[in-house]
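Visitor: Hi! Could you walk me through this model?
Guide: Happy to. Let's put it up and take your questions as they come.

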Amino acid sequence: MAVTNFGYGINRPRAIDLDTNDLRKSRDIIAEMPELQTCIGCGSCTASCTAGNLTDFNFRKLHTSVRRGEYKGAYEEIGKCMLCGKCRLVCPRGINTRGLVMLLKRKLGDF
Amino acid sequence: MVKRVVIVGGGAAGMQTALELKSRGIEPMIVERDIELGGKVRGWHKLFPSFTPAGDVLKPIAERIKAERIRCFLGQDVVGIASDGVTLRSGERILADAVVIATGFTLFDAHRKQEYGYGLYDNVITSVDLERMMNGGKVMLADGSEPRRIAILHCVGSRDEKVGQRHCSKVCCITGVKQAIELKQLFPTADVFNFYMDIRMFGPGYEELYREAQEKYNVHFVRGRISEAAETINKRIQIKAEDTLTGRPLRMTVDMLVLLVGMNANYENGDLAAKSGLSLAPNGYFMAQNSFLGTVCSECEGIFFAGAATAPKSLADTLAEASLTASKVDEFLRNKFPSWQ
């Protein structure tokens, strides 16, 4: 008998689980750029971002997720950055955001 | 003729006000509920933002109180305040020419936020418990082992309608940053996560310390309030929050959960205010005459305030305010007794 598809499924949990996430890569990135931890989530980088104004690219969310060990899709996402560097001009904490893009590309290449 | 001032409360505010009055030739008397002077600062380990041992500040003050032979009534509860003196629970009245209310605050009782499991789970402690542990020289889990993952929750009993505490307790944010750094110094390989709603770094050097905690000590700051804590079978604490900066729920298990408890107004404030004609602010603290030039004056002539009786304050603010209170009392006595001195 053929299985009828009623359209029901099981949703994968959306929660960030810091018990199961592999934080080694995140620790690596923070160790190379400790200033990244000083981010206060103001959103200046995203507000000034050329790519963010044309696509749904959100740099603040992206690097915060990576710090929490959420790497999936991050490498592809970072490809949207055009390296214009405007985010670095506006960051009130003086984080080298452009350098961070390059660091993330280097570290997340294998994901 | 010597002018006498009775000070209600023998904590930092009361003691410092007494010394300032004494140096102006006024005779202070301290009435303290506890059997010892010192108030909330007694037993504290180190002070933000400079990590100064609390004893380095408190001890010289206490020694001067002794050396100046300031009269102290210890273990005495004040049940009535008027501009000409105070009434003790025994019914005895202590008469004076002016009164200073330096009754401070009451710590928020963390049991009231039952969802965090204080008193239920072994490894949920308050910021005050942690301070006492550090002062005792050993920070450890209930089973004696070292924590490897610690969460610090800001705003427990502050800015929370659910427990009737709408106000910000002011000093917990910087205390959380200070304690996170101290924990990282004790356990360099441990991960420390601070869960916050807002970070309020209002004082000199505070923002710099926050930054140091992030950059030098790698303390993780997560913007989001922990919604609940539960104990796992091996006595760890499972917590849930939203990581609001990524817009996703977050959960994790920690070895120790530290609750940054806020400063509440004393429960007796209402009773004391009603009897003496003073009024209270909506948050239950005593209401000052005004917010600018009368911050230590009350609506009643002859009754003054010092320290956290009027609002949450840091120790530095409290000690500074004591000088102002003494100066206002002095001014009041000179106007009232023009022939004095």
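Visitor: What radius of gyration does chain B have, and what would a compact globule with 341 residues have?
Guide: Chain B has a radius of gyration of 22 Å, and a compact globule with 341 residues would come out near 20 Å, so the two agree. That radius is taken over C-alpha atoms, and the globule rule is 2.2 Å times the number of residues to the power 0.38. Along its principal axes, the C-alpha trace of chain B spans about 70 × 35 × 35 Å.

Visitor: Before we go on, what ground rules should I keep in mind?
Guide: This is a predicted model, where local features need pLDDT of at least 70, side-chain atom pairs count only at pLDDT 80 or more, and totals for chains, interfaces and linings use all residues. Residues are numbered from 1 along each chain as its sequence is written, while chains are lettered from A and ligands numbered from 1 in the order in which they are written.

Visitor: And which scores does the model get?
Guide: The model has ipTM 0.91 and pTM 0.95. For chain B the mean pLDDT is 97, with 100% of its residues at 70 or more; pLDDT is the predictor's confidence in each residue, from 0 to 100.

Visitor: How many helices and strands are in chain B?
Guide: Chain B has seven helices and 20 strands. These are DSSP runs numbered from the N terminus, with helices being H or I of at least four residues and strands being E of at least two.

Visitor: Which domains does the assignment give for chain B?
Guide: Domain 1 covers 4-105 + 265-336, and domain 2 covers 110-262. Those bounds come from an automatic or database domain assignment. The C-alpha centres of domain 1 and domain 2 of chain B are 31 Å apart.

Visitor: How many residues of each domain are in contact with the other?
Guide: Eight residues of domain 1 of chain B are in contact with 16 residues of domain 2 of chain B. Contact here requires C-beta atoms, placed from the backbone, within 7 Å. On the domain 1 side there are four nonpolar, four polar and no charged residues. Ala, Val, Leu, Ile, Met, Phe, Trp, Tyr, Cys and Pro count as nonpolar, Asp, Glu, Lys and Arg as charged, and the others, Gly among them, as polar.

Visitor: Now the other chain. How many residues does each chain bring to the contact?
Guide: Chain A brings 17 residues and chain B brings 14 residues. On chain A, β1 (16-17) and α4 (59-67) each supply at least two residues of the side that touches chain B. α4(A) gives the most to that side, with four residues. By class, the side of chain A that touches chain B has five nonpolar, five polar and seven charged residues.

Visitor: How many bridges join β1(A) to β17 of chain B?
Guide: Two bridges join β1(A) to β17 (residues 248-254) of chain B, and the strands run parallel. Strands count as paired if DSSP finds at least two bridges between them. D17(A) stands opposite R251(B) in β17(B).

Visitor: Back inside chain B: how much of it counts as buried?
Guide: Of its 341 residues, 47% count as buried. Buried means 20 or more other C-beta atoms within 10 Å of the residue's own, exposed means 12 or fewer, and partly exposed is in between, with C-beta atoms placed from the backbone.

Visitor: Why is α1 of chain B described as largely enclosed?
Guide: Because 10 of the 11 residues of α1 (residues 12-22) of chain B are buried. The cover over those buried residues includes β1 (4-8), β2 (27-32), α2 (54-67), β9 (98-101) and α7 (315-336) of chain B.

Visitor: What about β13 of chain B, which residues are on each side?
Guide: D191(B), F193(B) and F195(B) are on one side, V192(B), N194(B) and Y196(B) are on the other, and all are buried. Five bridges join β12 (residues 149-156) of chain B to β13(B), running parallel, and A151(B) stands opposite F193(B).

Visitor: Last one: is F286(B) buried or exposed?
Guide: F286(B) counts as buried, because it has 24 C-beta neighbours inside 10 Å. F286(B) is in the loop between α6 (269-276) and β20 (303-305) of chain B. Leaving aside neighbours within four places in sequence, its contacts include I101(B), A273(B), L280(B) and F305(B).

How values were computed. Two residues are in contact if their C-beta atoms, placed from the backbone, lie within 7 Å.
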